[in-house]
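Work through the exercises below with the model open beside you. Try each task before reading its solution.

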Amino acid sequence: MNRFRSLSIVALGAIATPAAADLTAQQLFDDWQTNAALLGATLEADVASTGSGLQVSNMTFVQEISGDGVGPDMTSRTMMGPIELVENGDGSVSIVLASPFPISFDLEGDPDLAAMSSGGVLASFSGLSVTAAGDPENITYTYIADSISVVPGEMPEMPPGASFDMEIAMRDVAATYVLTGTGLDRITDTDGSFSAMTVSFDGGDGSESGKMTLALGATTLAAEGTMMSWRNYVQSMTLQNPGQANVTPGGVDITGSMTYDSAAFDLQVEGPSPVTISSSNGGGAANVAFGATGISYDISARNAEIAIASSDIPVPVELSAATTGLVFTMPTAPQPEPSDIAIGLGYTDLVVNEAVWSMVDPSQTLPRDPATVQLDLTGTVQLFVNLMAMDPTTMRGPPGEMRSLSLNELLIRAVGAELTGQGAVTFEPGRFPPSPVGRVDLGLSGLQGLLDNLTQAGLLPLEQAGMVSAMTGMFARPGAGPDTLESTIEFTPGGGITANGIPLQ
């Protein structure tokens, strides 16, 4: 099924950039057939010459899907068209699509799965222009459209009372899709933008609790990406089982980035336990990379808000933050030297609505100041196996070992207290469990004030507050200011741990 969905996407991209050489309609169609063959599929079509190009009808991408001895062998078909390829006389070819443009897909080989998976969509365009230019080894597709919308077309038979309605719409679309090279060494570069995009879904299974409405939206979105080799794309579709090697062969490099001015999300579920979830933000960015040796994410947003209401929770929950961020970097394959890792999490000016505060602290004893959470961890790890291809059933030890870890920043500020931290440790190779060596410096302010407020609000018994004070006194020393504590945690060779010189282990 993954291969079937991927084939459909690539099929659309293939019919979906200008260079110096001339490109003919026949060369363009031949390239589509080559792309299909690279994906292990066959492109079937009725092709007729028009004098200025080609008329392509009944175009169908056919792929045989092996059940690998687990399920039935199946055949997927993605059908679309008609399409007219018009040579413009300047070395470019216009790709003319009818509006609405039908795309249908079905599976053969398993009646139950085919009934669920077969269907289709209708794509409608306004002001659409699609051209291809270059030569067979360097083709650039250029897309321009005032608007594009996609709605369901022919749908599978649904149970009595069930409903399904969906629409994807984009405005002011401009994009390029560049194919460079030949065969599995082909490189793909994409970039595109639109002024607004909306996704809506309304459906249910016919039962009292099966109704759901979903709406997504984004404005002024721009994105770009690069896939350095089709070889990995093809192999990642055909090598799905654990234990198979070369899922991410050398030379592969997929990167992508995206920015947008705003985004919104709204979900409503009807039934005995209705749920409403809505969120929005004032824009953000995302950077993603996936290569033969690792993956990384860097996602951020500003002025984010989320609201949750349900009959299963006593009060509506509303959260907002001035900024949010997530950073994650991890290797996936062993290298001669340790590989970098990173984990980052950031929320600034985090605010919870008064309804939640009143439920927890009706006396308003605790400070309502906005909270901040910042975490920045970096380090190195030595992998012993390819995480994308390992078989857990054959593992005889850990897949890798930590080599170093640095706490670059720790900041938690909330309810009148603040925790900070910095430090770094290294790990001795070959020891399990890991044995760190190094130190971490921690600072805590406002603890006593927080304990007093919790006790006054009735959230913490007095004896437990006293116990917390006594324990922190054992592992921390007074800081420079009032109601401040400091602690230095040291990890010594051989597994020893001390806090301000006091042995803990």
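**Exercise 1. Count the aromatic pairs and classify each one.**

Solution.
- Start with the rule: rings of Phe, Tyr and Trp (its six-membered ring) pair if their centres lie within 6.5 Å. Planes under 30 degrees apart count as stacked, over 60 as edge-to-face and the rest as tilted.
- The count comes to two aromatic pairs.
- F29 and W32 make an edge-to-face pair, with 6.3 Å centre to centre and 65° between the planes.
- Y141 and Y177 make a tilted pair, at 5.9 Å centre to centre and 55° between the planes.
- Y141 sits in strand β9 (residues 138-152) and Y177 in strand β10 (residues 163-180), so this pair ties together parts that are 36 residues apart in sequence.

The model is predicted: local features need pLDDT of at least 70, side-chain atom pairs count only at pLDDT 80 or more, and totals for chains, interfaces and linings use all residues. Residues are numbered from 1 along each chain as its sequence is written, and side-chain values use heavy atoms, with hydrogens and water left out.

**Exercise 2. Are Y141 and Y177 buried or exposed?**

Solution.
- Apply the cut-offs: buried is under 20% relative accessible area, exposed over 50%, partly exposed in between (1.4 Å probe, protein chains only).
- Y141 has a relative accessible area of 0%, so Y141 is buried.
- Y177 has 15% and is buried too.

**Exercise 3. Describe helix α2 and find where its buried residues lie.**

Solution.
- Helices (H or I, at least four residues) and strands (E, at least two) are DSSP runs, numbered from the N terminus.
- α2 covers residues 25-38, which is 14 residues.
- From first C-alpha to last, α2 reaches 20 Å, close to the 20 Å expected at 1.5 Å a residue. The expected span is 1.5 Å times one less than the number of residues.
- The buried residues of α2 are A25, L28, F29, D31, W32, N35 and A36.
- Down the axis, they fall within an arc of 150°, so they line one face of the helix. The arc is that of the directions from the helix axis to the C-beta atoms.
- F29 and W32 are three residues apart in α2, so about one helical turn separates them.
- G40 follows α2 and has a positive phi, near 75°.

**Exercise 4. Which strands does β4 pair with?**

Solution.
- Two strands pair if DSSP finds at least two bridges between them.
- β2 (residues 53-65) and β4 (residues 83-87) pair in the antiparallel sense over four bridges. The partner of V56 in β4 is I83.
- β4 and β5 (residues 92-97) run antiparallel, joined by five bridges. The partner of E84 in β5 is V96.
- The hairpin of β4 and β5 has four residues between the strands, and G89 there takes a positive phi near 85°.
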